[in-house]
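Take a look at the protein below. This report walks through its cores, one of its helices and one of its pockets.

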Amino acid sequence: MADPRPSSETDPEIELFVKAGSDGESIGNCPFCQRLFMILWLKGVKFNVTTVDMTRKPEELKDLAPGTNPPFLIYNKELKTDFIKIEEFLEHTLAPPRYPHLSPKNKESFDVGCNLFAKFSAYIKNAQKEANKNEIDPDSAEELTVSRRLFLDGDQLTLADCSLLPKLNIIKVAAKKYRDFDIPGEFSGVWRYLHNAYAREEFTHTCPEDKEIENTYASVAKQKS
């Protein structure tokens, strides 16, 4: 990954290991992997990405991080494995003036959609069409106030967006494929947020292909009755 700034001896050596797709090489479906991928990209630091085929881990990776699944990180030859701790480490270590802070100014930004993925998981696993109707609140759009912000915390992507956007993308793709459900048009704020995000390469270029998301949920999305 190219760093637009001149190379410096002080640049850390960073390698991010993410889940591989079904071909064993492309980016797989893992919102936590994408979360760290986005953070590193937004930091503007030079780093390498290695995809890990979960069906057959190379021997060198078994030696490198035994019992560990992606995402994990090697920072200046030091292994880091907990993605929450990795996020905290990167925010603290890759700091101004050389790298931007990504923490949102409003801590409430982290609360947006905090239970969204849990509700989606219940929804996609539920084969009863009538029961699934209860999972979608048609009046919830009325509770939202209109915001002029591009993203959750303002006009710049933050750690809160790196957490929510990968999950929203998964929900959009899987719900359409297996439940023929589109995010309602009246949820204009959600759509505006997604359109703003899809215009940023830090998000689109770290997304897995739709087929990878569909493959992930093929076994859990039972046939509708």
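## A residue and its contacts

Which residues does Ile14 touch, not counting residues up to four places away in sequence? The model is predicted, and in it Ile14 touches Leu40, Val45, Lys46, Phe47, Asn48, Leu73, Ile74, Tyr75 and Leu94.

## The largest nonpolar core

Ile14 also belongs to the largest nonpolar core, which has 37 residues. Ile14, Leu40, Leu73, Leu90, Leu94 and Leu165 touch the most other members.

Several elements give two or more residues to this core. The strands are S1 (14–19) and S3 (72–75). The helices are H1 (31–43), H3 (83–93), H6 (159–179) and H7 (188–198). H1 gives the largest share, eight residues.

Another core lies apart from this one. It has eleven residues, including Phe120, Ile124, Ile170 and Tyr217.

## One face of a helix

Helix H4 covers residues 116–125. Here Phe117, Phe120, Tyr123 and Ile124 are buried. Looking down the axis of H4, the buried residues fall within an arc of 120 degrees, so they line one face of the helix. Two of these names, Phe120 and Ile124, appear in the core of eleven residues.

## The second largest pocket

The second largest pocket holds about 240 Å³ of space. It is lined by 15 residues. Closest to its centre are His101, Leu102, Gln156, Leu157 and Thr158.

What classes of residue make up the lining of this pocket? There are five nonpolar, five polar and five charged residues.

Terms used: Residues numbered from 1 in each chain as written. Predicted model: local features only at pLDDT ≥ 70, side-chain atom pairs only at ≥ 80, totals over all residues. Heavy atoms only, no water. 1 Å grid on protein atoms, 1.4 Å probe; cavity = no way out; pocket = protein on both sides within 12 Å on 5 of 7 lines; lining within 4 Å. Points joined across faces, edges and corners; volume = space filled by probe spheres on them. Nonpolar A, V, L, I, M, F, W, Y, C, P; charged D, E, K, R; others polar. Core = buried A, V, L, I, M, F, W, Y, C linked by side-chain atoms within 4.5 Å. Buried < 20%, exposed > 50% of the residue type's maximum accessible area, 1.4 Å probe, protein only. Helix = DSSP H or I, 4+ residues; strand = E, 2+ residues; numbered from the N terminus. Contact = heavy atoms within 4.5 Å. Arc of directions from axis to C-beta.
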